[in-house]
Amino acid sequence: METNTGTNRPRINWLKYASPKTFYPLAGKLIPWCAVSAAVLIAYGLYIGLLVAPTDFQQGEGYRIIFVHVPAAWFSMFLYLLMAMYAGLGLVLNARLSYMMATAIAPTGAMFTLIALVTGSLWGKPMWGAWWVWDARLTSELILLFLYIGYFSLQAAIDDKNRADKASAVLALVGAINVPIIYFSVKWWNTLHQGASVSLTQAPAMAAIMLKGMLIMAVGFWLYSIAVILMRVRCEILERDSKTAMIRQD
Amino acid sequence: MKARHKRFGLIAVGLILLVIATVLITKSFRSNLVFFFSPTQVEKGEAPKTGSFRIGGLVENGSLKRMPDGLHVQFKVTDTAKSIPVQYKGILPDLFKEGKGVVAEGKLNENGLFEASQVLAKHDENYMPPEAAAAIEAANAAKTKESVK
């Protein structure tokens, strides 16, 4: 056996997945796994959140909206950063797949932002006494929604795909500054919105079973995001590369 | 230097400038980004003199008075250093309680009474079952007893 020839060394060439041609089938294989585990985890998270977790000492049963609200808000911010990162990679490396990923992430991020805003509004009325207030947290989250909408509107407004990608990538990168503002708004300014119950630096300010439900929901949302983003990126690949040989082979 | 290094450099410099600009902007708008003023800030005259603004703090223990007409309420908002009397006509949110957070919007009249047009409850970020809250309260009560001794 000749092991040191270098040609058949078992090294995986990760970069090959940066090409739409090889990424397309890989994404196809990942989608069902992510989708099924997302469904299971979200169902389990809702079960814990709505049935197992105890009532809250001050908000009673009404606090249970947290199991959707907080994970949705996390992913509204996280997906924006991810989108901005892919947009930045696209600009630097001129990698088409990066732009396609950024394009595919935007609608899911916008959806989570909308869910966070709507559930927050429904939660605000009974607890605070108002559907909406213009405090720093709520306002900056609303700006996030506008950034997402602006991102895919700008992309749709320019016919030349190449230019559309570049213009919207710049918008995505500039808008990324809003994410830390959302996150730290409750620390930096007086807001009606309360501070973070769960953060990386402090012990969580909530009972363990409540935290468990929320984290399971978050993982479920993550897997859901991966599944739909991969589906969308596959569509994007097909749409953009419809004239290349790869598709004609299939 | 390859073209992609140049592009990376341009983007990095752009982002750094953007961060600096944002920090400067948010710093200069600091007062406008404040959702409410504390009683101490109002005392110092940091709150707007005319027009309506919001005050925030805790509802002082034992200060809540419901008027006989059943609609008007009076209470004091405190930040434990200073407190401001507030008058309000309307329905209070469910979480409104003595010793809990509150944000009231309205005007300060010439007698130093804050006439609120809207009262919002501000709750904290703690979530726990009622039994746990009761246990913590009992533990705190025992601690204060101990320190009094």
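Start at the end of helix α2(A): the residue after it is Asn94(A), with a positive phi near 55 degrees. Helices here are DSSP runs of H or I with at least four residues, strands are runs of E with at least two, and both are numbered from the N terminus. The model is predicted; local features need pLDDT of at least 70, side-chain atom pairs count only at pLDDT 80 or more, and totals for chains, interfaces and linings use all residues. Residues are numbered from 1 along each chain as its sequence is written, while chains are lettered from A and ligands numbered from 1 in the order in which they are written.

**Stop 1: Asn94(A)**

Keep Asn94(A) selected. It sits in the loop between α2 and α3 of chain A. Its positive phi occurs in a residue other than glycine. Most residues other than glycine have a negative phi. Asn94(A) has 15 C-beta neighbours inside 10 Å and therefore counts as partly exposed. On this scale a residue is buried with 20 or more other C-beta atoms within 10 Å of its own, exposed with 12 or fewer, and partly exposed in between, the C-beta atoms being placed from the backbone.

**Stop 2: helix α2(A)**

Step back into α2(A). The helix has 28 residues and spans 40 Å from its first C-alpha to its last, close to the expected 40 Å at 1.5 Å a residue; the expected span is 1.5 Å times one less than the number of residues. Of its 28 residues, 21 are buried, so α2(A) is largely enclosed by the rest of the structure. Colour by pLDDT, the predictor's confidence in each residue from 0 to 100. Among the elements of chain A, α2(A) has the highest mean, 95, and helix α8 (residues 245–249) the lowest, 52.

**Stop 3: the core of chain A**

Which residues have the most contacts inside the largest nonpolar core? Select Met83(A), Ala102(A) and Ile105(A), in a core of 62 residues. Such a core is a set of buried Ala, Val, Leu, Ile, Met, Phe, Trp, Tyr and Cys residues joined through C-beta atoms within 7 Å. At least two core residues come from each of α1 (20–52), α2 (66–93), α3 (96–127), α4 (136–157), α5 (161–175), α6 (178–188) and α7 (208–240) of chain A. The largest share is that of α2(A), with 16 residues.

Now centre on Ala102(A). Leaving out residues up to four places away in sequence, it touches Met83(A), Tyr86(A), Ala87(A), Gly90(A), Ala169(A) and Ala172(A). Two residues are in contact if their C-beta atoms, placed from the backbone, lie within 7 Å. Apart from this core lies another, of 31 residues, including Ile84(B), Tyr88(B), Leu95(B) and Leu120(B).

**Stop 4: all of chain A**

Zoom out to chain A, which has 8 helices and 0 strands. Its C-alpha atoms fill a box of roughly 65 × 50 × 35 Å along the principal axes. Of its 250 residues, 40% count as buried. Mean pLDDT for chain A is 88, and 92% of the residues score at least 70. Over residues 1–6 of chain A pLDDT stays under 50, and the model has 0 contacts for them beyond four places in sequence.

Next select Tyr47(A), in helix α1 of chain A. It counts as partly exposed because it has 13 C-beta neighbours inside 10 Å. Its C-alpha is 8.2 Å from that of Gly213(A), 166 residues away along the chain.

**Stop 5: where the chains meet**

Show both chains. The contact takes 34 residues from chain A and 31 residues from chain B. On the side of chain A, two or more residues come from each of α2, α3 and α5. Again α2(A) gives the most, with 4 residues. The predictor gives the complex an ipTM of 0.81 and a pTM of 0.87.

**Stop 6: strands of chain B**

Select β6 (residues 114–122) of chain B. It pairs with β4 (residues 83–89) of chain B in the parallel sense over 3 bridges; strands pair if DSSP finds at least two bridges between them. Val86(B) stands opposite Phe114(B) in β6(B). With β5 (residues 101–108) of chain B, β6(B) pairs in the antiparallel sense over 8 bridges. There Val102(B) has Ala121(B) as its bridge partner in β6(B). Between β5(B) and β6(B) is a hairpin turn of 5 residues, where Gly112(B) has a positive phi of about 85 degrees.

End at Thr80(B), in the loop between β3 (72–78) and β4 of chain B. Its phi is positive, about 75 degrees, although it is not a glycine. Thr80(B) has 11 C-beta neighbours inside 10 Å and so counts as exposed.
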